[in-house]
Amino acid sequence: MTKVQNITSEGSSKVINLPFTKVVDPAARTTLRPEKPATTAIVYCEANFGLPDGKTANGLVRHSEKYKILSIIDSQNAGLDAGSVLDDKPNAIPILHDLNAALEHAGSVPDYFIYGMAPATGRLSTAERAIVLDAISRGMNIVNGLHEFLNDDPEFVAASEAADVKILDIRKPRPKNDLRLFTGRIKDITCRRIAVLGTDCAIGKRTTANILTTALNEQGIKAVLVTTGQTGKIQGSLYGVALDAVPSQFCCGELEATIIEAFEGESPDVIVIEGQGALSHPAFCTSAFILRGSVPDGVILQHAPRRSHRCDFEEMAMPTPRSEIDLIEAFSDTKVIGLTINHEHMLDMEVTAAITAYEAELGIPVSDALTRPTDHLVDMVLASFPELARTQVAATK
C-alpha cells in the first residue's frame, strides 16, 4: 500500500444593472477548454515544492491555463518528477536544482520566471532578491504573487527597464478610486453560488474548487470559478481578485462585483468561489469577507484530518469540521453541503475510514477531490440543489 502525497496547494469597473433576466438555451451550453498555453515559464519553489508554502507552484503544476510550465526549481527535490511528488502521477515536468539547470533544460530563455511560494512574511528574502534579479538579467519577465510589489522597488524597476522585461505584481489591487463597495446586488444573481472554505490556510481549497468546477462542466452543468487569491490569477482565472491585498472596506464589494461580472459574462448555472484562510483562524479575515461578499447558497468545507495544528502556527490546534461548520452557519445564512478531505500524511485506507466516519458524524456527503471519483463532488452539489439535475439532463439532449 503506498502513501498518498500531500494535496496542498489563488475586472472591469463598469456599472451593471440588476436584476438579471438572462435565459440560456441548454443546447448552447458548452465547456470551454483553452488550448495548451504557448507562453513558457519556470517556477521557483526552493525547498517548498509539495509543501504548504509552495502552494502556488503546486497549483501551477496541477492546472495552468496561462503558462506552459517547463520546470520547477527546488534543489531539495531535484531529479524528481513534479507530478510524482504531488500526486504519484508523473507529468514530465522536471524538478531542477537551480536557474542554470532550468535554462539548460528549456533550451532557450523562457518567457516568464514565476515566484511559486507564499511565505508568511509575504516578502522576498535577500537570497531570493538576487535570484529574481538574475532571472531579469537573463531576459525573463517576472510573475510575483507576494504582498511585496516589485514594481514599487527602484532596484527591480531599473533592472526590468534595462532588460526590457515586465514585472507582474499579481496581488496589487486596482487604484483606490476604482475599488467597488458592496451594494447587495449579489442577491439578484439567479444562479447557485457555492463557496469552498476550509479549516485552515493552505489546505487545498483552490484545488478542490478547480476540480469541482471542471467536474460540473463535464456533467453538463455550466460552472464558472471565481478565484480569490494570487495563485488562481496566475493560473489564468478569468474572474478573480486577490482579496487579501484589498483594503478591508472594499473586500466584499470587490468580490461581489467580480461575481456579478462572471454571471453577466458567462450565464452559468453555478458559480464556485475559492475560499481563503478559515473563518475560525485569527490570523486571516478573508473567509468572513467571502461569506459576506458572495452570500453563498452552500459551502463545501475542506479539512485535513492529520493536521494537528494550524499551518505556520504550531501553538494553535486545528478546529474540528463540526466546530467550523457551526461557526460558518452561525455567521452566515448558508448551509455546509459537504466536506472534502485533504489527504496529507494519510494512507488510502485511512481516507476511506475518514470519509465513512465524517459522513456518519456530520450527516453530509464527504469525499476527496483528488483520490475519489469527481462524480462524488457533483453528487454532493446535486444532493442540495436537485434542480441542477434538470439542467444536466437538458444539456445532454
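Here are a few notes on a predicted model, for someone seeing this structure for the first time.

1. **Strand S4.** A good place to start is S4, which covers residues 112–115. Its side chains split between two directions: Tyr112 and Ile114 go one way, while Phe113 and Tyr115 go the other. Whichever way they point, all of these residues are buried.

2. **The partners of S4.** Strand S1, residues 40–44, pairs with S4 in the parallel sense, with four bridges between them. If you want a spot to look at, find Tyr44, which stands opposite Tyr115 of S4. S4 also runs parallel to strand S5, residues 141–144, and three bridges join these two. Here the pair to find is Ile114 and its bridge partner in S5, Val143.

3. **From S4 to S5.** What lies on the path between these two strands? Helix H4, residues 126–137, forms a β-α-β unit together with S4 and S5, and the unit is right-handed.

4. **Cysteines.** Don't go hunting for disulfides, as the structure holds zero of them. Cys251 is in no disulfide, and the nearest cysteine sulfur to it, belonging to Cys252, is 6.8 Å away. The cut-off for a disulfide is sulfur atoms within 2.5 Å. Is Cys251 buried or exposed? Cys251 counts as buried because its relative accessibility is 2%, and the limit for buried is under 20%. Cys45 is buried as well, since its relative accessibility is 0%.

5. **The two ends of helix H5.** H5 spans residues 154–163, and Asp153 caps its N-terminal end. To see the cap, look for a side-chain oxygen of Asp153 lying 2.9 Å from the backbone nitrogen of Glu155. Just after H5 comes Asp164, which takes a positive phi of about 60°.

6. **Where Ser237 sits.** Ser237 is in the loop between helix H7 (230–235) and strand S9 (239–240). It is partly exposed, because its relative accessible area is 24%, and partly exposed means between 20% and 50%.

7. **What Ser237 touches.** Leaving aside neighbours within four places in sequence, Ser237 is in contact with Leu225, Thr227 and Gly232. Take Leu225: this residue and Ser237 are 12 residues apart in sequence, and their C-alpha atoms are 7.5 Å apart in space. With Thr227, the contact includes a polar one between the two side chains, at 3.1 Å. The Ser237 side chain also reaches the backbone oxygen of Tyr239, at 2.8 Å.

Notes:
Residues are numbered from 1 along each chain as its sequence is written. This is a predicted model: local features need pLDDT of at least 70, side-chain atom pairs count only at pLDDT 80 or more; totals for chains, interfaces and linings use all residues. Side-chain values use heavy atoms; hydrogens and water are left out. Buried means under 20% relative accessible area, exposed over 50%, partly exposed in between (1.4 Å probe, protein chains only). Two strands pair if DSSP finds at least two bridges between them. A crossover is right-handed if, with the strands pointing away from the viewer, the path from the first strand over the helix to the second runs clockwise. A polar contact is a pair of N or O atoms within 3.5 Å; within protein, one must be able to donate a hydrogen and the other to accept it, and residues adjacent in sequence count only if both atoms are side-chain atoms. Contact means heavy atoms within 4.5 Å.
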